[in-house]
Amino acid sequence: MASQLAEQLRGSPLLANTTLHLASDIDEAHDTLNAGTPIAVTLLHASDEHPAPAHVESVQAVQPQMAVLVRCASALPAVLADALWDSGVADRLFTQDIADWAATLSAALREHDRRRLHLLVNESPARLAGGRSFGEVAALALHLLDEHQLASRGALFCIERHDPAAQLIAVAGKGSFAGVNCTPLAAIEDAAARDIAGAAWTGRRSLFGAGHAALFIETSAERTQPALIVLQLDAALPSWRQRILESFTRAVAPAVEHSQLTQQLVRTQRAMISTLAMLAEYRDTETARHVTRVARLSAEIAGLMAREDFGRKLAPQLLEHIGHASVLHDLGKIAVSENVLLKPGPLDAGERQQVKRHVIIGHDILKQSVLLATHGEAQLFELAAEIARSHHEHYDGSGYPDGLASEEIPLAARIVAVVDVFDALISKRPYKYPWSDADALRLIREKAGTHFDPAVVDAFCAVHERKAKTRFIEWSDAMSVGNPELDNDHRRLIEIVNQLGVNVELRNHNSIEFILDDLTSFVHEHFRREEAYLEQIGFPDRQRHRDIHTTIMARIDNARWKYLQGFLTAIEDELLSFLTQWLNQHICGEGRQYAAYAGFVEASSSIN
């Protein structure tokens, strides 16, 4: 009977696009569904087939593949029927004539479709709440649509980027658009998708066509941007589906707003932290970049310790916040006299005590911030306060201010202690010349177990060794442009690119954020110095150089924007390749041109 029913149903126009499966028992049906093939209706042929609770759980697990279960047997017990209904699977008992079944199942499928789409709207706010960045929210939204077979053919999630020019950017894709991350919509080959997206964006409303739909997501909060979802369709959607999808856009809007506001808040917070750190360091130009280097290297060490076994467990909040928290490790120096801070000779006992007080002052300032901050910010400032107070403690208990030893010292402070000393050793200070990396590393190793945590020293050395082995571009004397300041800039840019390469290989995303920020600010500074030098020597082709600088900065700013959307993995290799190629061209190409011209000017001046 079931076989005859299946054949007649397959031939019905009402079920022309419906996939049916004939199973002799529910285990067979379950195995077929587990294969991942979408099946709208399962016809179950058994005399007394009552799905057990385990079978119901199996049906729930594969629910997206099945809409209706048809049984040639008696009705289910109420508890099992309810469980199937809760899973979204409609249960139908075969008691009608075969001639009526096509219409009955067609209606059941439409009912299932409506219920499924209503669930999509109802569930989406909770499901999207897990997205921390805008990119994650976009990807989750398309994943939700894909679960309900609405994005399987093709879907894009777009937002407008205002800088350098207003254009729609596809930040996530599904189906035929899979792998589309941070791509201008104008670069998408589907012309019909571009057209309907442009019309929907201009009209600020959702549009539905025969082959595409554009869902406009309106945001209401200030300083947030609307978004757009573009769908490829097999056929025009009925009006009831259009209304449900418009309800979906309203359900998605709060998550889009929240991700943007959170991103803005995080960046503002980090900018304020950097400003505070620079305030503490502004009197000493030699240490102006010390805090940035400490932050990056602390994040690198923490990342390595989290990935590999170094005998220390890292809390998730430490891994997330240590880089930004470490920026404030010397905040208390704002209370140290400039005469003491910049003294070129040894400090006397009173001056040493004044310097030692900076850890208590920094800690007290940051603890006040903890009291005023919200939960996420409080975690960052709590960690910063620990680091500020304890980064001069020694592993053997001989440090200050509290004489803590071993595991009593917070792990974040133990990490920053190693990085802080190393960077101070290799840096020029009013009272000393910089050490070589080899000499500084030797001292760090010697102090393991007394001054420093041995496990942290091992991780630090591993990070340093990997950097030494991974060089994407090397400085040579042939790269010199004849200007010591610009040569130093170029060495610094090469070092930044090599740091980026190591962290791309390690997928150390927390560190890459610091490198991108450092790269952005330093390239701006370098271009200003270079353009001033070209003006000074009267280089005739300086406008072309300014245009090249503008293009380079746009590429770097674009990469940083992509990172902030949560799509770093999509651009990191591309960015590294571009930077390596650009630096070689910038130093060995454009740099050599104005170096040759400067030499000509100097030679002419000496002749005259």
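This passage walks through a predicted model, taking in its confidence, its sheet, its nonpolar cores and its salt bridges.

A good place to begin is the confidence of the prediction. The mean pLDDT of the protein is 81, and 82% of its residues reach 70 or more. Confidence peaks in strand β8, at 96, while helix α3 (residues 53-61) has the lowest value, at a mean of 62. Over residues 603-608 the pLDDT falls below 50, and this stretch makes 0 contacts in the model beyond near neighbours in sequence.

The sheet comes next. Six strands form an open sheet in the order β7-β6-β5-β10-β9-β8, and their pairing is antiparallel. The edges are taken by β7 (183-184) and β8 (207-208); each has a single partner strand, so one side of each is left without a neighbour in the sheet. Elsewhere in the sheet, β5 (residues 154-161) pairs with β10 (residues 227-232) in the antiparallel sense over 5 bridges. Within this part of the sheet, A155 stands opposite L231 of β10.

Two helices lie across these strands. Helix α6 (residues 134-147) lies across β5, β6 (167-175) and β10, and runs at about 45 degrees to β6. Helix α7 (residues 191-203) lies across β5, β6, β8, β9 (212-217) and β10, running at about 30 degrees to β9.

Attention now turns to the nonpolar cores. The largest of them holds 50 residues, and those touching the most other members are I301, M305, I322, L366, I415 and F460. Two or more residues of this core come from each of the helices α8 (239-281), α9 (290-307), α10 (316-326), α13 (358-372), α14 (375-390), α15 (411-426), α16 (437-446) and α17 (454-469). I301 offers a helpful way into this region: leaving aside neighbours within four places in sequence, I301 is in contact with I415, V419, A459, F460 and V463. Another core, of 38 residues, lies apart from the largest one and includes A138, I169, I229 and V252.

Charged side chains add a further set of links. Side chains of opposite charge can pair when their charged atoms come close. In this model the count comes to 20 salt bridges. One of them joins E308 and R466, with an N to O distance of 2.6 Å. This pair links distant parts of the chain, as E308 sits in the loop between α9 and α10 and R466 in helix α17, 158 residues apart. E308 is partly exposed, with a relative accessible area of 32%, and R466 is also partly exposed, at 28%.

A further salt bridge is formed by R389 and D402, whose closest N and O atoms are 2.7 Å apart. Because R389 lies in helix α14 and D402 in the loop between α14 and α15, the pair ties together parts that are 13 residues apart in sequence. R389 has a relative accessible area of 22% and counts as partly exposed; D402, at 37%, is partly exposed as well.

The salt bridge between E407 and R414 has an N to O distance of 3.5 Å. Here E407 is partly exposed, at 48% relative accessible area, whereas R414 is buried, at 7%. Finally, salt bridges also link E123, R127 and E147 in a network.

Methods: Residues are numbered from 1 along each chain as its sequence is written. This is a predicted model: local features need pLDDT of at least 70, side-chain atom pairs count only at pLDDT 80 or more; totals for chains, interfaces and linings use all residues. Side-chain values use heavy atoms; hydrogens and water are left out. A nonpolar core is a set of buried Ala, Val, Leu, Ile, Met, Phe, Trp, Tyr and Cys residues joined through side-chain atoms within 4.5 Å. Buried means under 20% relative accessible area, exposed over 50%, partly exposed in between (1.4 Å probe, protein chains only). Helices (H or I, at least four residues) and strands (E, at least two) are DSSP runs, numbered from the N terminus. Contact means heavy atoms within 4.5 Å. Two strands pair if DSSP finds at least two bridges between them. Axes are lines fitted to C-alpha atoms, for helices over the stretch in contact, and angles run from 0 to 180 degrees between N-to-C directions. A salt bridge is a side-chain nitrogen of Lys or Arg within 4 Å of a carboxyl oxygen of Asp or Glu. pLDDT is the predictor's confidence in each residue, from 0 to 100.
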